Amino acid sequence: MMRPFLALMLNGFREARRNRVTVVVGAFAFGLLVASSLLTNLSVSTFDRVLTDVGIGVMSIVLVLLAVFLSSGMLSREIERKTLFLIVSKPISRALFLTARFAGNMLTLGALLLAMGVLFFGQIALYGTLITQAQFVAIGMLFFELMVLSSIGFAMSSFSSQMVSATVTIGAYFAGHLGGDIYELSSKAESPLLQWVGKATYYALPNLSRLNYRVQATYEIPTPVAELAPSMLYAVAYSAVMIIIAVILFSRRDFK
Amino acid sequence: MLQRSKAMKSLITLPILLTGLVTVAVLAEPPREPPRGPYQAPLLPRLEMLKVVGAGQRSLVADYYWLQAIQAAGRGGHSLEATRYLDLFYYSDLVTDLDPKFHKVYLYSGNTIPTNLGRETWVNTAEARKLLEKGVKNFPEDSTLRLYLAYNLSYFHQEHAAAAEHLRIAATLPNVNKFVPEIASRLLAFNRRFDAALALAESFRDNETDPEMRQIFEERVLEIHREKVLLQVDDAIAAFQKREGRLPSALSEMVDKGDLPRLPVDPMGGVIIIGPDGKSGSTSSTLRLEPIDHKKNYFEKERQKQQDAQVAP
């Protein structure tokens with residue numbers, strides 16, 4: 001069971017590489033270089049902060065977009081190219097196929113995040129600014145944010161088109177970061193029903209703001225592991241639920 | 001025939017292409033300055049919209065507008081308009097709404113926005129005040145922000161009581177500038193908050209290890225006591241002048257008429273006198289505990305310069 005899983009996962013990684021996703025790292029490096037050169041001229045005494053914000057911010061925007069693109073298009077591409085039929089005809093369960101593909105997806109994103117992280121810290125060292133624990137935390141937690149988003153993309157793409165899947169995943173990204181506002185607004189509602197609906201929506205949406213440690217990186221605020229661990233666990237659990245939903249929907253799907 | 005047609009075509013297209021390229025090259029210019037009439041605030045996106053669009057990237061969005069703020073300050077430096085630093089206010093206000101903990105913005109913009117039009121005529125001070133008040137709200141433990149706000153309130157808005165209160169708090173904060181307690185006690189005394197002024201000065205005197213600074217606070221305690229006496233005499237002079245329509249000839253006259261209960265004594269050993277401007281003073285020092293009037297100092301210096309110029313051949 002492990003061998004096909006690994007084979008499918010690595011296959012997914014190779015396929016992403018064939019799709020030239022590595023170009024993204026090059027684009028990121030170029031963007032970082034141009035941005036930092038401009039920032040040295042534009043910024044006044046807040047260079048460290050701006051460099052950190054731009055580096056981690058651009059990294060997160062690029063990788064979130066990539067996560068949405070890769071996860072929402074994965075199954076539809078397999079169906080379109082008919083490669084899916086080759087796999088489902090083999091003695092491999094659909095659950096295994098889907099989870100292996102998800103793992104491959106996360107491997108791609110993880111490798112890109114690592115490469116971007118190396119570039120980012122390289123630049124920080126080059127400019128002689130401070131390397132902080134908060135920066136490592138922000139980049140590390142971004143992986144978990146990408147995991148949650150990818151799992152939503154997979155769940156959506158298991159039963160809908162790439163377009164719908166991508167739109168919903170992007171919506172989930174914004175809603176996940178603004179969930180706190182939904183909670184706040186609903187608690188101010190007079191109707192108990194509205195309050196209940198608002199709170200239910202808040203808990204159903206992925207709480208991405210608890211995985212966002214970019215503000216701490218801005219202010220060089222260290223975060224204890226005791227605080228990070230529950231957030232990591234939350235992300236893994238939420239992703240697991242989404243992947244199980246994807247497996248259920250995908251298993252019931254008729255490809256005739 | 002076909003070849004001639006082709007030649008004709010290239011004869012037409014080539015000049016058009018060349019003319020087009022030359023025209024574009026000649027007319028090319030750097031971006032134009034947007035036309036501006038009477039001052040209008042820069043059109044910035046609504047905060048709510050930015051919070052939604054920049055979900056998860058609030059620091060990055062705040063940084064973008066902070067860089068815009070710096071550019072606005074740079075543009076202001078090249079202008080002589082009274083509104084030259086107003087753009088900086090609008091950008092800084094947005095930045096601090098997006099990221100209220102962006103400390104640098106309060107310090108930088110709060111000091112840069114007030115604009116001196118010459119002869120100590122200041123504008124845009126209310127905008128700077130708004131930003132500094134926001135800064136103090138977000139950083140109540142920051143003595144520098146409180147000091148800047150106190151300066152703004154006292155000098156630009158003549159709100160000495162509010163300034164004194166900020167200085168009183170600032171004086172008790174760690175890493176405070178050593179001159180803050182001295183200025184705070186001065187303003188508190190000016191606002192007749194003698195108990196607060198004395199408590200502050202005495203606490204610094206008792207905790208100070210540097211003998212020179214200890215001496216300064218020891219003197220300040222006595223100055224506060226003297227100021228209390230002088231303000232009492234000021235009130236008596238004002239009451240006398242209102243009733244009699246003239247200044248009292250001596251302190252004893254005010255005692256005789258019941259404006260003062262007894263002859264006032266200077267705790268610093270000086271003799272209390274009535275100045276020609278109707279304010280009391282003491283021979284122990286010509287300076288009173290009151291805010292420094294920079295505007296008055298400026299005009300006195302100007303007058304002195306003019307006098308010197310007239311005297312010189």
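**Exercise 1. The interface**

How many residues of chain A are in contact with chain B, and how many of chain B with chain A? Then work out which chain A residues give up the most area, and look for a charged pair.

*Solution.* Keep in mind that this is a predicted model.

- Step 1: start with the head count. On the chain A side, 23 residues are in contact with 18 residues of chain B.
- Step 2: turn to area. The two chains bury about 1600 Å² between them, and 61% of that is on carbon and sulfur atoms.
- Step 3: pick out the big contributors. In chain A, the residues losing the most area to chain B are A:L42, A:R49 and A:Y219, together 29% of what that side buries.
- Step 4: check for charge pairs. The rule finds 2 salt bridges across the interface of chain A and chain B. For A:R49, the salt-bridge partner is B:D99, with the closest N and O atoms 2.9 Å apart.

**Exercise 2. A helix pair in chain A**

Find helices α5 (residues 94-127) and α6 (residues 133-157) of chain A, and describe how they pack.

*Solution.*

- Step 1: get the geometry. The angle between α5(A) and α6(A) is about 155 degrees, and their axes lie 10 Å apart.
- Step 2: name the arrangement. Angles over 145 degrees count as roughly antiparallel, so α5(A) is roughly antiparallel to α6(A).
- Step 3: add the handedness. This crossing of α5(A) and α6(A) is right-handed.
- Step 4: see who touches whom. Residues of α5(A) including A:L98, A:F102, A:L109 and A:F120 meet a set in α6(A) that includes A:F136, A:L142, A:F143 and A:F154. Sorted by class, the contact has 15 nonpolar, 6 polar and 1 charged residues.

**Exercise 3. A helix pair in chain B**

Now do the same for α7 (residues 143-156) and α8 (residues 160-171) of chain B.

*Solution.*

- Step 1: α7(B) and α8(B) pack at about 165 degrees, with axes 8 Å apart.
- Step 2: that angle makes α7(B) roughly antiparallel to α8(B).
- Step 3: the crossing of α7(B) and α8(B) is left-handed.
- Step 4: among the contact residues are B:L147, B:L149 and B:L153 in α7(B), and B:H166, B:L167 and B:I169 in α8(B). The contact divides into 9 nonpolar, 4 polar and 1 charged residues.

**Exercise 4. A salt bridge between helices**

Which residue does B:K134 form a salt bridge with, and which helices hold the pair?

*Solution.*

- Step 1: over all chains the count is 22 salt bridges.
- Step 2: B:K134 pairs with B:D93, the closest N and O atoms being 2.7 Å apart.
- Step 3: B:K134 sits in helix α6 (residues 125-138) of chain B and B:D93 in helix α4 (residues 86-98) of chain B, so the pair ties together parts 41 residues apart in sequence.

Methods. Residues are numbered from 1 along each chain as its sequence is written. Chains are lettered from A and ligands numbered from 1 in the order in which they are written. This is a predicted model: local features need pLDDT of at least 70, side-chain atom pairs count only at pLDDT 80 or more; totals for chains, interfaces and linings use all residues. Side-chain values use heavy atoms; hydrogens and water are left out. Axes are lines fitted to C-alpha atoms, for helices over the stretch in contact, and angles run from 0 to 180 degrees between N-to-C directions. Helices (H or I, at least four residues) and strands (E, at least two) are DSSP runs, numbered from the N terminus. Angles under 35 degrees count as roughly parallel, over 145 as roughly antiparallel, 65 to 115 as roughly perpendicular and the rest as oblique. A crossing is left-handed if the near helix is turned anticlockwise from the far one by less than a right angle, and right-handed if clockwise. Contact means heavy atoms within 4.5 Å. Ala, Val, Leu, Ile, Met, Phe, Trp, Tyr, Cys and Pro count as nonpolar, Asp, Glu, Lys and Arg as charged, and the others, Gly among them, as polar. Buried area is the accessible area (1.4 Å probe) that two parts lose on being put together, summed over both. A salt bridge is a side-chain nitrogen of Lys or Arg within 4 Å of a carboxyl oxygen of Asp or Glu.
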